[in-house]
Amino acid sequence: MVNYVMEHIDRAFKLLLKNHYIDDLNTHTGVIYGVWANYRLAYLNPAWFRFALENGGEPQITADWGLGRSILDCMSGVVREFYKAKFDKCLMSHEVCNHLYECSSKTVYRRYHQIVYPLGDREGLLFVNSLITNRPHDKEKRPDRDANELFYVDENGFICQCALCRRTKNLREAERWDWVPEWVRQCPEHTSHTFCPSCFGHYFPLTTTTSKGRT
Ligand SMILES: [Zn+2]
């Protein structure tokens with residue numbers, strides 16, 4: 001029981017994340033969480049708590065949204081039905097799903113990209129959320145190109161994009177992958193393709209992993 005609180009991960013669920021590099025998930029600046037097939041929370045990364053704190057959600061978030069709580073409880077009516085059907089399909093078909101959603105506060109408009117990875121043998125889901133690039137709001141509005149140079153272009157003039165989910169590596173932070181819409185439509189000439197840790201874990205597992213262990 002103590003481990004649940006300390007690590008914010010159900011011990012059995014940790015086995016399902018074997019291929020997903022838990023250290024990377026914990027370092028990721030985006031909110032990541034995992035649920036069992038019944039949608040009850042089994043893993044929360046540190047960014048979950050940071051986001052709650054920065055948005056005035058604490059201490060209620062930690063009190064109300066611990067492990068074991070169903071993520072479907074935050075939705076109702078047709079929205080709940082829509083997402084449940086979407087996530088059920090991901091779970092049963094073992095196909096990754098992607099979508100965009102809005103999560104604004106009173107003062108900030110925010111849009112996110114969410115990837116949902118099915119885990120194990122229809123045993124759970126991993127939700128990886130990335131902020132859709134926000135341009136810096138400088139007084140003298142800078143062109144997008146400058147902002148992109150700042151965040152994504154390396155010293156050789158290349159951006160690094162995941163060939164699978166198409167998110168772009170943000171070079172300013174240790175483990176951050178952003179959804180840059182214009183580069184999803186068409187990537188720049190100087191693009192090196194790689195795999196982000198989440199996709200690498202999902203598409204190239206070393207072994208098949210279930211919550212009962214490796215098979
Ligand atoms: Zn990826």
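This report walks through the overall fold, the two largest pockets and three buried polar or charged residues of a predicted model.

## The chain as a whole

Let's start with the broad picture. The chain has 215 residues, and 40% of them count as buried. Nine helices and eleven strands make up its secondary structure elements.

Among contacts with a separation of 6 or more, 53% join residues that are 24 or more positions apart. The accessible surface of the chain is about 12,100 Å², and carbon and sulfur atoms account for 54% of that area.

## The largest pocket

If you are looking for a cavity-like site to explore, here is the one at the top of the list. The largest pocket has a volume of about 830 Å³, and 26 residues line it. Nearest its centre lie Tyr33, Trp48, Cys74, Tyr101 and Cys103. Several elements each give two or more residues to this lining: helix 4 (46-54), helix 6 (77-93), strand 3 (97-102), strand 4 (111-119) and strand 5 (124-131).

The make-up of the lining may also interest you. By class, the largest pocket is lined by 17 nonpolar residues, seven polar ones and two charged ones.

## The second largest pocket

Next comes a pocket with a volume of about 350 Å³, the second largest. Its lining consists of 18 residues, and those nearest the centre are Thr29, Gly30, Phe51, Tyr112 and Leu131. Helix 4, strand 5 and strand 8 (177-178) each supply at least two lining residues. Helix 4 gives the largest share, with four residues.

Here the classes are evenly divided: the lining of the second largest pocket has six nonpolar, six polar and six charged residues.

## Glutamine 161

Now for some individual residues. Glutamine 161 sits in strand 6 (residues 159-162). Its relative accessible area is 0%, so glutamine 161 counts as buried.

What does the side chain of glutamine 161 reach with a polar atom? The partner is the backbone oxygen of tryptophan 183, at 3.0 Å. In sequence, glutamine 161 and tryptophan 183 are 22 residues apart, while their C-alpha atoms are 8.8 Å apart in space. Beyond four places in sequence, glutamine 161 also touches other residues, including Arg166, Arg167, Thr168, Val184 and Cys187. Further along the chain, its contacts include Thr191, Ser192, His193 and Thr194.

## Lysine 169 and asparagine 170

Lysine 169 belongs to strand 7, and asparagine 170 is in the loop between strand 7 (168-169) and strand 8. Is lysine 169 buried or exposed? Lysine 169 has 15% relative accessibility and therefore counts as buried, the cut-off for that class being under 20%. Asparagine 170 is buried as well, with a relative accessible area of 2%.

Setting aside neighbours within four places in sequence, lysine 169 is in contact with Phe151, Tyr152, Cys160, Ala174, Glu175, Arg176 and Trp177. For asparagine 170, the corresponding contacts are Phe151, Tyr152, Arg176 and Asp178. Phe151, Tyr152 and Arg176 therefore appear in both sets, with contact meaning heavy atoms within 4.5 Å.

Two distances round off the picture. The side chain of asparagine 170 comes to 2.9 Å from the backbone nitrogen of arginine 172. Lysine 169 and valine 180 are eleven residues apart in sequence, and the distance between their C-alpha atoms is 9.9 Å.

Notes. Residues numbered from 1 in each chain as written. Predicted model: local features only at pLDDT ≥ 70, side-chain atom pairs only at ≥ 80, totals over all residues. Heavy atoms only, no water. Buried < 20%, exposed > 50% of the residue type's maximum accessible area, 1.4 Å probe, protein only. Areas by Shrake-Rupley, 256 points an atom, 1.4 Å probe, with all protein chains shown as cover. 1 Å grid on protein atoms, 1.4 Å probe; cavity = no way out; pocket = protein on both sides within 12 Å on 5 of 7 lines; lining within 4 Å. Points joined across faces, edges and corners; volume = space filled by probe spheres on them. Nonpolar A, V, L, I, M, F, W, Y, C, P; charged D, E, K, R; others polar. Polar contact = N/O pair within 3.5 Å; in protein donor to acceptor, adjacent residues only side chain to side chain.
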